[in-house]
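Hi everyone, and thanks for making time this morning. I'd like to walk you through a structure that will be new to most of you, so let's put it on the screen.

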Amino acid sequence: MKKVIEVKQLYKLYRVGDSIVRALNGVDFEIYEGEFCAIVGTSGSGKSTLLNMLAGLERPTKGEVIISDQHIEKLNEDQLVKFRRDHVGFIFQSFHLLGTMNATENVALPLSFQGVPKAVRMKKADQMLDLVNLKKHKKHYPSQMSGGQQQRVGVARALVVNPKIIFADEPTGNLDSHTSEEVMTLMQQVVRKQKKTLVMVTHDNHLASYADRIFHIIDGKIVKIEDNRKESEEDHHEEK
Ligand code: ADP
Ligand code: MG
């Protein structure tokens, strides 16, 4: 399997007044193509900090983040903007949809940053909304959709630029438990169908159980990596 994300001895220290907070305290792991990985831990354990480092939204204090053979920690601001625009999709807890745009226009938005012509943008957005089962809501504005529907739009928007990797920070944090399950099932299916790598952060062990592998984080350290696929893997004979 191809390695798509590699983290080596990653540290993020924040100075708060006179003291130092070790938000990430020496993290190492690898994520492979097509995996759905969940990072699970309690509030303040360092999940968002870790995701922000992976996505190139924040710089590490020390250590390496290698994504698709690129050292993210060495990129300058312009290179980071380009990296995020072309290689990763984001799904946010609060959806981050624009209220003045309908579902199709919201999904198409990331393509306009890439300079894709309007007709192509609309066609791709349309296809993505089919994929997340929002055929009947394409012309709806965010205020005319439920939370679950809005997050489906969020998932479609993350996928529209055809990124290899999708990052999601508490993507169901604003949804009730039933709707959360639906959105998780959708993300799981879509990621599998589209062969994406998904890295999701959550404080909820049950939601984490949708992932192929579960990374447990406590006080800025990965203390355990659980493999959820064990049983199905035993069916195959691994090639050497
Ligand atoms: P989680 O997402 O797991 O709730 P965070 O990654 O947001 O945790 O935070 C991890 C730790 O780092 C917490 O102790 C938090 O207070 C601290 N922290 C996060 N961001 C900052 C910041 N910008 N300045 C100072 N401390 C921060
Ligand atoms: Mg957080």
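**A first tour of the chain**

Let me begin with the contacts. Take the contacts in the protein chain between residues at least 6 apart in sequence: 69% of these join residues at least 24 apart. Please keep in mind as we go that this is a predicted model.

Now the overall picture. The protein chain has 8 helices and 10 strands. Its radius of gyration is 18 Å, close to the 18 Å that the globule rule gives for 240 residues, so the chain is as compact as a globular protein of that length. If you lay the C-alpha trace along its principal axes, it spans about 50 × 50 × 35 Å.

What about the inside and the outside? Of the 240 residues, 49% are buried. The accessible surface of the protein chain comes to about 12,500 Å², and carbon and sulfur atoms account for 49% of that surface. As for charge, there are 34 positive and 32 negative charges, and their mean positions lie 7 Å apart.

Let's turn to a sheet. In what order do the strands of the open 4-stranded sheet come? The order is β2-β1-β4-β5, and the pairing is antiparallel. At the edges sit β2, residues 19-32, and β5, residues 70-71, each of which pairs on one side only. A quick reminder for anyone newer to this: strands of a sheet pair through backbone hydrogen bonds, either parallel or antiparallel.

We can cross the sheet pair by pair, starting with β2 and β1. These two strands pair in the antiparallel sense over 11 bridges, with V16 standing opposite S19 in β2. They also form a hairpin with 2 residues between them, and G17 in that turn has a positive phi of about 60°.

Next come β1, residues 3-16, and β4, residues 62-67, which run antiparallel and are joined by 5 bridges. You can find Y11 opposite K62 in β4, and E6 opposite I66 in β4.

I66 also takes us to the last pair, because that is where you can look across to β5: I66 stands opposite H71 there. The strands β4 and β5 run antiparallel and are joined by 2 bridges. They form a hairpin with 2 residues between them, and S68 in the turn has a positive phi of about 45°.

Let's finish with two single residues. The first stop is S180, which lies in helix α6, residues 177-193. Is S180 buried or exposed? At 4% relative accessibility, S180 counts as buried. Setting aside its neighbours within four places in sequence, S180 is in contact with T172, L175 and L207.

The other stop is V161, in the loop between α5 (147-159) and β7 (165-169). V161 has 13% relative accessibility, so it counts as buried too. Which residues does V161 touch, leaving aside its neighbours within four places in sequence? They are R85, V88, P110, L111 and Q114. To place V161 relative to K12, the two are 149 residues apart in sequence and 30 Å apart in space, C-alpha to C-alpha.

That's the tour, and I'm happy to go back to any part of it on the screen.

Key:
Residues numbered from 1 in each chain as written. Chains lettered and ligands numbered in written order. Predicted model: local features only at pLDDT ≥ 70, side-chain atom pairs only at ≥ 80, totals over all residues. Heavy atoms only, no water. Rg over C-alpha atoms; globule rule 2.2 N^0.38 Å. Buried < 20%, exposed > 50% of the residue type's maximum accessible area, 1.4 Å probe, protein only. Contact = heavy atoms within 4.5 Å. Areas by Shrake-Rupley, 256 points an atom, 1.4 Å probe, with all protein chains shown as cover. Lys, Arg positive; Asp, Glu negative; His and termini not counted. Charge placed at Lys NZ, Arg CZ, Asp CG, Glu CD. Pairing = 2+ DSSP bridges.
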